Amino acid sequence: MKSVSVVIIGAGPAGLLLGQLLQTSGIETVILEQRSPDYVLGRIRAGVLEQGAVSLMRQAGCSERMDKEGIVHHGTALMVDGQMHRIDFQDLTGTSVLVYGQTEVTRDLMDARTASGAPTLYEAEDVSLSDLDSPRPTVRFRKDGIEQTITCDFIAGCDGFHGVSRRSIPAHILKTYERVYPFGWLGLLSDTPPVDDELIYINHPRGFALCSMRSHSRSRYYLQCGLDEKIKDWSDERFWDALQDRLPASHQDRLVRGPSIEKSIAPLRSFVAEPMRYGQLFLAGDAAHIVPPTGAKGLNLAASDVYYLWKGLEDFYHHGQSGGLEAYAGKALARVWKAERFSWWMTTMLHQFPGQPAFESKMQQAELAYLFSSRAAMTALAENYVGLPY
Ligand code: FAS
Ligand code: PHB
């Protein structure tokens, strides 16, 4: 293949969803992915989909399993000082979220792309981008030891935080904004029933914890941990003991322990790169921004970026209009920054910050006390959690 309309870098959820939506619009793409399909599927990440992401999976024609296996959640619980406080999404916003793991979203999108026959080149090495500010940019890569070149109209940089796309924007043009948090999340996946029907976000003196799930028989748990922690120092038993310690008394006897299927430590950061467009290169998803997972926004921001880019490309190819592409970066960043704020706020409110001054601790307590005393405050949390409009 020497020339194509759109080259998508990265076969994570952003790249695969964009590829599938463009496919439905009759726009030709090729996806270049540096890893194997199994490696991509082996990464355990997000668990909660906003209605916008659910709708896009349906528009992409990839929602059959999601609609059957996804679990609708009408609320979530925050636990503070041993007290559970439910945030009722349905009552406060009239809508809900869907619990359906990113692994399953990725698998559904991979299967749909395979069925469509559109090319995804896995294990594509040393991808490089050039002529980005020309009408026909070039993508170079090596596949099975053979150097290859593709020219295209547009490049969608969907290659995540460590990808090549953001790094291809000239340093004097790119501006980044970042906050690195002084802790990480230790995650465990197990084939054990969840401790509750809904998610529980726990603010505990010994650290944040999150009780999530993938199904009624598969649980996903997280513990706040130090940045110096090593997975090898966390046996399953140590994890279960620490989790049980942070659970509310009402739930401690509900915890079902079992062998971990996966255990990993993720650092937490807030990060945004501007602009999200340079010439014919458009950044989408983690390639452009990272949020701490406390607000369940990362995957959902990738979805809204993809929506704006899909519509811009559709207008270009179907109607010769470039207004959507011109407006892409501004529209995407407007939603990104609101999600960055919400994710930062949830993280700041629910975690223990080592060495935090007494005043900040009082602010955290006041934030939580006000939240649970005010319908307006809980509505604000709920409308951000279920997803702000696209
Ligand atoms: P991804 O990183 O998923 O995909 C990028 C793809 O590009 C990868 O497959 C990579 O191999 C490929 N790539 C990279 N460089 C390349 C190159 N040079 N050439 C070709 N391909 C290249 N979000 C939530 O909403 N909730 C959560 O609970 C949550 N938990 C998370 C836990 C962890 C440990 C991490 C790291 C992230 C978590 N996230 C969560 C965020 C996560 O879900 C991302 O938002 C989501 O994966 C974004 O999807 P993509 O933008 O497609 O990026
Ligand atoms: C998850 O299930 O992995 C999950 C859910 C909600 C979050 C973060 C992670 O806020």
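A cavity here is a set of grid points where a 1.4 Å probe fits but cannot get out, and its lining residues are those with an atom within 4 Å of a point. Keep that in mind for the first view, and note that everything shown comes from a predicted model.

**View 1. The largest cavity and its lining.** The structure has 3 cavities of 30 Å³ or more, and this close-up goes to the largest, with a volume of about 80 Å³. Look for Pro13, Ala14, Leu17, Leu49, Ala53, Met57, Val105, Leu109, Leu299, Ala302 and Ala303 around the empty space. What is the make-up of this lining by class? It has 11 nonpolar residues, with no polar and no charged ones.

**View 2. Helices around the largest cavity.** Here's the same cavity by secondary structure. Helix H1 (13–24) and helix H3 (51–59) each bring at least two residues to the lining. So do helix H6 (102–116) and helix H9 (298–319).

**View 3. Glutamine 102 and its surroundings.** Now zoom in on glutamine 102, which sits in helix H6. Is this glutamine buried or exposed? Its relative accessible area is 9%, and because anything under 20% counts as buried, glutamine 102 is buried. Setting aside neighbours within four places in sequence, glutamine 102 touches Pro13, Arg45, Ala46 and Leu299. Two of those names should look familiar: Pro13 and Leu299 also appear in the lining of the largest cavity.

**View 4. Ligand 1 and its polar contacts.** Ligand 1 has 28 residues around it, and the closest are Glu33, Arg43, Arg45, Gln102 and Asp286. Glutamine 102 turns up again here: an N or O atom in its side chain is 2.4 Å from an oxygen atom of ligand 1. The side chain of arginine 45 also puts an N or O atom 2.8 Å from a ligand 1 oxygen. Alanine 14 joins in through its backbone, with an N or O atom 3.0 Å from an oxygen atom of the ligand.

**View 5. Ligand 2 and its polar contacts.** Over at ligand 2, 14 residues surround the molecule. Which of them are the closest? They are Tyr201, Ser212, Arg214, Tyr222 and Pro293. Two tyrosine side chains are worth picking out. Tyrosine 201 has a polar side-chain atom 2.7 Å from an oxygen atom of ligand 2, and an N or O atom in the side chain of tyrosine 222 is likewise 2.7 Å from a ligand 2 oxygen. Alanine 296 uses a backbone N or O atom instead, 3.4 Å from an oxygen atom of ligand 2.

Terms used:
Residues numbered from 1 in each chain as written. Chains lettered and ligands numbered in written order. Predicted model: local features only at pLDDT ≥ 70, side-chain atom pairs only at ≥ 80, totals over all residues. Heavy atoms only, no water. 1 Å grid on protein atoms, 1.4 Å probe; cavity = no way out; pocket = protein on both sides within 12 Å on 5 of 7 lines; lining within 4 Å. Points joined across faces, edges and corners; volume = space filled by probe spheres on them. Helix = DSSP H or I, 4+ residues; strand = E, 2+ residues; numbered from the N terminus. Nonpolar A, V, L, I, M, F, W, Y, C, P; charged D, E, K, R; others polar. Buried < 20%, exposed > 50% of the residue type's maximum accessible area, 1.4 Å probe, protein only. Contact = heavy atoms within 4.5 Å. Near = heavy atom within 4 Å. Polar contact = N/O pair within 3.5 Å; in protein donor to acceptor, adjacent residues only side chain to side chain.
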